[in-house]
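Biologist: Hello! I am new to this structure and would like to learn how to read it. Could we look at the picture together?

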Amino acid sequence: MKTSSLMKTSYLRCRLGMSQFMVRCWMASLLTMAASSLGFAGEGDRVPQPPLDIPHYVIERAATPITIDGKLDAAEPWSAATTIDSFQFPWWTAGAREATTARMLWDEAFLYVAFEAQDAHISAYLTGRDSPVSRDDAVEVFFACDPMDVSIYFNFEFNAIGTILDRSPANNRDGTWNSEGVRVGISIDGTLNDSTDTDQGWTTEIAIPFEDLAPHAPRLPPHDGDQWRLNLYRIGGEVNPQFSLWSDTRTERPQYHKPDRFGMVRFSGRLAGSAVTSP
Ligand SMILES: [Ca+2]
Ligand SMILES: [Ca+2]
Ligand SMILES: [Ca+2]
């Protein structure tokens, strides 16, 4: 509360009887609660509040190095990261719902994301940077580094052969921006582009460099406790096309560019797999 507000409060407390003062406080609280329910914090501080029903995730620091090769080896800290296993299918119409799990970690240089996608028919053809990889089997990471302005967001999309589409808030989100340091590794358990047999799935390991996100982030790398808005998506490819996602965008048709519906992630200094907090 600002100093001027405190002075006004003291003044009121003197002018009014205590019971009247408490009634007015109660009414002020009701007004503040009403403002919050409309999506604002109230008290002259019109900060947009995230929807109450979006999912949350704590991104812990990687305690040991991660090799971006599409394999979530036991020597890597992935096994200590919390697994997201709640992908939803809001636009499902037919076919098997193929499950996706995801995990995230970070260190001084990178945000790491791992997807494990069950997939009976793995298909991917596009090879050119920024080609429309969502026509293939694909996984996608969208995020806004400043939760106060989710309109400033990045999207990184990867098909099952590691082709990258990436866009930044710059230049009206055109395709010319590339993250020079983004890396992706994929391993496929099955046969690519062969619909006559049944595949098991594919694993994607991604490293997104913080330095490539400037100047569209409040601070890089993030600090312990910093929050971003982020969503994770999957696209099903040619045989069993389907859409699934971590935070439901609540759109009538499939729509992933819905930053106000991104989930909430918080960077933690806790080392994944360790009780020790990093300095
Ligand atoms: Ca690895
Ligand atoms: Ca597929
Ligand atoms: Ca690009």
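Biologist: Let me begin with one strand: why is strand β9 (residues 227–236) said to be largely enclosed by the rest of the structure?

Modeller: Happy to help, and please keep in mind that this is a predicted model. The way to read burial is to count neighbours: a residue is buried if 20 or more other C-beta atoms lie within 10 Å of its own. In strand β9, nine of the 10 residues are buried, so the strand is largely enclosed by the rest of the structure.

Biologist: Which strands pair with β9 in the antiparallel sense?

Modeller: Strand β4 (residues 137–144) is one of them, and it pairs with β9 over eight bridges. Within that pairing, F142 stands opposite N231 of β9. Strand β11 (residues 263–271) also runs antiparallel to β9, joined to it by four bridges. There, L230 has G263 in β11 as its bridge partner. Then comes strand β10 (residues 243–245), which pairs with β9 over three bridges, again antiparallel. For Y233, the partner in β10 is L245.

Biologist: How many residues lie between β9 and β10 in their hairpin?

Modeller: Six residues lie between the two strands, and G237 in the turn has a positive phi of about 85°.

Biologist: Let me step back. What does the secondary structure of the whole protein come to?

Modeller: The protein has two helices and 11 strands. Following the sequence, you meet the pattern α-α-β-β-β-β-β-β-β-β-β-β-β. Of the 279 residues, 33% count as buried. It also helps to ask how far apart contacting residues are along the chain. Among contacts between residues at least 6 apart in sequence, 63% join residues at least 24 apart.

Biologist: How should I think about a nonpolar core?

Modeller: The general idea is that in soluble globular proteins, nonpolar side chains tend to be buried together. In this model the largest nonpolar core has 55 residues, and those with the most contacts inside it are M104, L105, Y112, V113 and F143. The strand giving the most to this core is β3 (residues 110–118), with seven residues.

Biologist: Which residues does M104 touch, not counting those up to four places away in sequence?

Modeller: M104 touches Y57, I59, A81, L111, Y112, V113 and V265, with that exclusion applied.

Biologist: You mentioned β3. Which way do β3 and β8 run relative to each other, parallel or antiparallel?

Modeller: They run antiparallel, and nine bridges join them. Strand β8 (residues 201–209) is mostly covered, as seven of its nine residues are buried. G201 in β8 is a nice place to look: Q118 has G201 as its bridge partner, and D189 stands opposite G201 too. β8 also pairs with strand β7 (residues 183–189), over seven antiparallel bridges.

Biologist: What should I look for in the backbone angles?

Modeller: Start with the usual pattern: most residues other than glycine have a negative phi, and most peptide bonds are trans. The exceptions are then worth a visit. A cis peptide bond joins A214 and P215, with omega about 5°. Another cis bond runs from L220 to P221, where omega is near -10°. P215 lies in the loop between β8 and β9, and P221 is found in that loop as well.

Biologist: Where does N171 lie, and what is its phi?

Modeller: N171 lies in the loop between β6 (164–167) and β7, and its phi is near 50°, a positive value in a residue other than glycine. N171 counts as exposed because it has 10 C-beta neighbours inside 10 Å. N193, in the loop between β7 and β8, likewise has a positive phi, near 55°. With 16 C-beta neighbours inside 10 Å, N193 counts as partly exposed.

Biologist: One last stop: is D85 buried or exposed?

Modeller: D85 is exposed, because 12 other C-beta atoms lie within 10 Å and a residue with 12 or fewer counts as exposed. You will find D85 in the loop between β1 (56–61) and β2 (100–106). Do trace the chain from there to W246: the two are 161 residues apart in sequence and 8.4 Å apart in space, C-alpha to C-alpha.

Note on methods. Residues numbered from 1 in each chain as written. Chains lettered and ligands numbered in written order. Predicted model: local features only at pLDDT ≥ 70, side-chain atom pairs only at ≥ 80, totals over all residues. Core = buried A, V, L, I, M, F, W, Y, C linked by C-beta atoms within 7 Å. Contact = placed C-beta atoms within 7 Å. Pairing = 2+ DSSP bridges.
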